[in-house]
Amino acid sequence: MSGAYDFPIKGFIETSFIDWKHQLSSVMFCGGCNFRCPFCHNSDLVLRHEALVEVPLSYIDDTLHRFRKWTERVVITGGEPTIHNSLFWMVERLKERRFMVKLDTNGSNPRVVRRLVREGLVDFVAMDVKGPIPRYDRWCGVDVDTAKIEETISLLMENAVDYEFRMTLVPFLHTEDDAYEVAEYLRGAKRFFVQDFIPRNTLNPAYADVKAHLPEKMQAIREQVAAIMQHAKIPDSIQRQDGLR
Ligand code: SF4
């Protein structure tokens with residue numbers, strides 16, 4: 001690979017209905033992440049992405065062109081897209097072709113998110129909030145500069161771009177109260193999505209044996225979160241089940 005293009009695209013879905021609020025979109029998965037969440041179900045993208053075959057840019061260009069009459073939306077997910085400087089090159093390229101762009105991020109690079117928002121390079125940002133801020137290292141498996149996490153949360157809540165927060169509730173790692181603590185912290189946010197844990201292909205193999213909460217339990221937790229957040233939208237779970245984020 002040469003020139004400006006070093007954005008490591010390791011997966012691509014031509015059309016998806018679950019990655020952008022029920023809108024049809026194409027989805028790019030980039031390799032690499034600065035976190036090591038033990039429950040992550042993208043372990044190959046995080047730990048072994050250099051060994052994964054890169055999806056050729058020409059294939060992506062051709063596919064986006066072919067599906068253009070059905071979708072004008074592209075989701076960039078990972079891994080963690082903001083660790084790559086070439087993210088700007090990629091989104092500028094999509095914007096030149098008049099695609100709408102959604103970014104999925106762990107919120108660790110507010111400077112990158114701010115610039116993307118300020119320059120009108122993203123139309124939607126979905127940020128994973130891993131758990132209550134005071135214990136953030138526990139959820140992420142690495143030392144985290146929580147001031148940066150809080151900065152990204154604050155800048156999204158400025159409403160300069162459409163956004164949502166998401167939290168994956170993992171039995172044994174999180175308690176129910178952790179979800180309520182995050183809900184309190186995010187009070188005033190427009191959308192908070194408490195999603196199920198998927199015990200598959202986990203970064204820490206021990207988590208593959210952890211049973212997800214029953215649907216009724218998740219529903220009860222979402223109702224309690226909705227009561228705390230009052231005005232926020234608390235969607236039911238819609239997640240991909242194929243091992244990609
Ligand atoms: S869950 Fe997201 S932030 Fe955590 S390791 Fe996986 S890709 Fe990175």
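Begin by selecting V161, which in this predicted model sits in the loop between α6 (146-157) and β6 (162-169). Is V161 buried, partly exposed or exposed? Because 19 C-beta neighbours lie inside 10 Å, V161 counts as partly exposed, since being buried would take 20 or more. Leaving aside residues up to four places away in sequence, the contacts of V161 are V117, V122, D123, F124 and V125. If you also select E50, you will find it 111 residues away from V161 in sequence and 32 Å away in space, from C-alpha to C-alpha.

One of those contacts, V125, leads to the next stop, for V125 in β5 stands opposite L103. Select strand β5 (residues 124-128) together with β4, and you will see two strands that run parallel and are joined by 4 bridges. Helix α4 (residues 110-118) belongs with this pair, as β4, α4 and β5 make up a right-handed β-α-β unit.

Now colour β4 (residues 100-105) by burial: 5 of its 6 residues are buried, so that the strand is mostly covered. Strand β3 (residues 73-77) also runs parallel to β4, and 4 bridges join the two. To find one of the paired positions, select R73, whose bridge partner in β4 is M100. Following the chain onward from β3, you pass through helix α3 (residues 86-96) before arriving at β4, and this β-α-β crossover is right-handed.

Return to helix α4 and ask which of its residues are buried. They are P110, V113 and L116, and because they cover an arc of only 130° around the axis, they lie on the same side of α4. If you display the surroundings of these buried residues, the elements that cover them include α3, β4, β5 and α6. Turn the view to the other side of α4, where R111 and R118 are exposed. Just after the helix, select G120 and check its backbone, which takes a positive phi of about 65°.

For the last stop, select the ligand and the residues around it. Which residues come nearest to the ligand? Of the 13 residues around it, C33, F35, C37, C40 and N106 come nearest. Colouring this shell by residue class will show 5 nonpolar, 4 polar and 4 charged residues around the ligand.

Conventions:
Residues numbered from 1 in each chain as written. Predicted model: local features only at pLDDT ≥ 70, side-chain atom pairs only at ≥ 80, totals over all residues. Buried ≥ 20, exposed ≤ 12 C-beta atoms within 10 Å, placed from the backbone. Pairing = 2+ DSSP bridges. Right-handed = clockwise from strand over helix to strand, strands pointing away. Near = placed C-beta within 6 Å. Nonpolar A, V, L, I, M, F, W, Y, C, P; charged D, E, K, R; others polar. Contact = placed C-beta atoms within 7 Å. Arc of directions from axis to C-beta.
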